[in-house]
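Let's walk through this structure together, starting from the inside and working outwards. Have the sequence and the 3D view at hand as you read.

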Amino acid sequence: MGIPKALVPSDNRMTVPDLTFADAPCHRPLIRMIIQHDGEVSNCCEDVHGDFKLGNVYQHSLAELWYGEHHAQVVRDLLAGQREKYELCRNCPLPPTGPAPVGKKINIFPRRKVVSTPLPSGS
C-alpha cells in the first residue's frame with residue numbers, strides 16, 4: 001500500500017511498511033491532472049510543490065500541458081519503469097501499476113526517510 005505524503009500520523013495507513021518499488025511502471029500520470037491552487041500542474045500526489053515543472057494553467061492551455069513534450073516524456077519514462085530518473089519517483093511508496101518491463105524485475109526497498117531541517121527562528 002502506498003503512503004502519500006498528504007497523510008497524517010493519525011491515519012491508520014501510516015502503520016504499514018513504507019516501501020518503494022524501483023524499476024516499477026507507473027501509469028498514474030495518465031489517470032489525472034492535478035492542478036494546485038496557484039495553477040501549477042503536479043505530476044501526482046507526491047508532487048506537492050510542483051517539482052516536475054509541468055507548467056501553469058494560467059499561462060498554457062490544458063491541452064498544451066497534457067500533450068506537451070515534457071509531460072509526454074515523464075509518462076514514457078514512468079511507463080517503462082524508469083522511476084530512478086525522477087527524485088520523487090525514486091522514493092515513491094505507491095506500488096506498480098503493471099508488470100515489470102520485459103527483462104527487468106521490480107526491486108522493493110524501504111522508503112528513505114526525509115529529515116526535515118528546522119526553519120531559522122526570526123529573532
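**From the core to the surface**

Ten residues form the largest nonpolar core: Cys 26, Val 41, Phe 52, Leu 54, Leu 65, Val 74, Leu 78, Tyr 86, Leu 88 and Cys 89. Two helices, H2 (69-79) and H3 (87-90), each contribute at least two residues to this core. Keep in mind that the model is predicted. For a good look at the packing, pick Leu 65: leaving aside residues up to four places away in sequence, Leu 65 touches Met 33, Val 41, Leu 54, Gly 55, Asn 56, Val 57, His 60 and His 71.

With cysteines in view, you may wonder how many disulfides a search of the whole structure finds. The answer is zero. The sulfur of Cys 45 has its closest cysteine sulfur in Cys 44, but at 5.4 Å that is too far for a bond. Cys 89 is in no disulfide either, as the nearest cysteine sulfur, that of Cys 44, lies 6.1 Å away. Cys 89 is buried, at 8% relative accessibility, while Cys 45 is partly exposed at 22%.

Now turn to the charged side chains, where the search finds three salt bridges. Glu 69 pairs with Arg 76 at 2.5 Å, N to O; Glu 69 is exposed at 54% relative accessibility, and Arg 76 is partly exposed at 41%. Next, Lys 85 meets Asp 77 at 3.3 Å. Here Lys 85 is partly exposed at 47%, whereas Asp 77 is buried at 4%.

The remaining bridge joins Glu 87 and Arg 90 at 2.4 Å. These two residues sit three apart in helix H3, so about one helical turn separates them.

How values were computed: Residues numbered from 1 in each chain as written. Predicted model: local features only at pLDDT ≥ 70, side-chain atom pairs only at ≥ 80, totals over all residues. Heavy atoms only, no water. Disulfide = S-S within 2.5 Å. Buried < 20%, exposed > 50% of the residue type's maximum accessible area, 1.4 Å probe, protein only. Core = buried A, V, L, I, M, F, W, Y, C linked by side-chain atoms within 4.5 Å. Helix = DSSP H or I, 4+ residues; strand = E, 2+ residues; numbered from the N terminus. Contact = heavy atoms within 4.5 Å. Salt bridge = Lys/Arg side-chain N within 4 Å of Asp/Glu carboxyl O.
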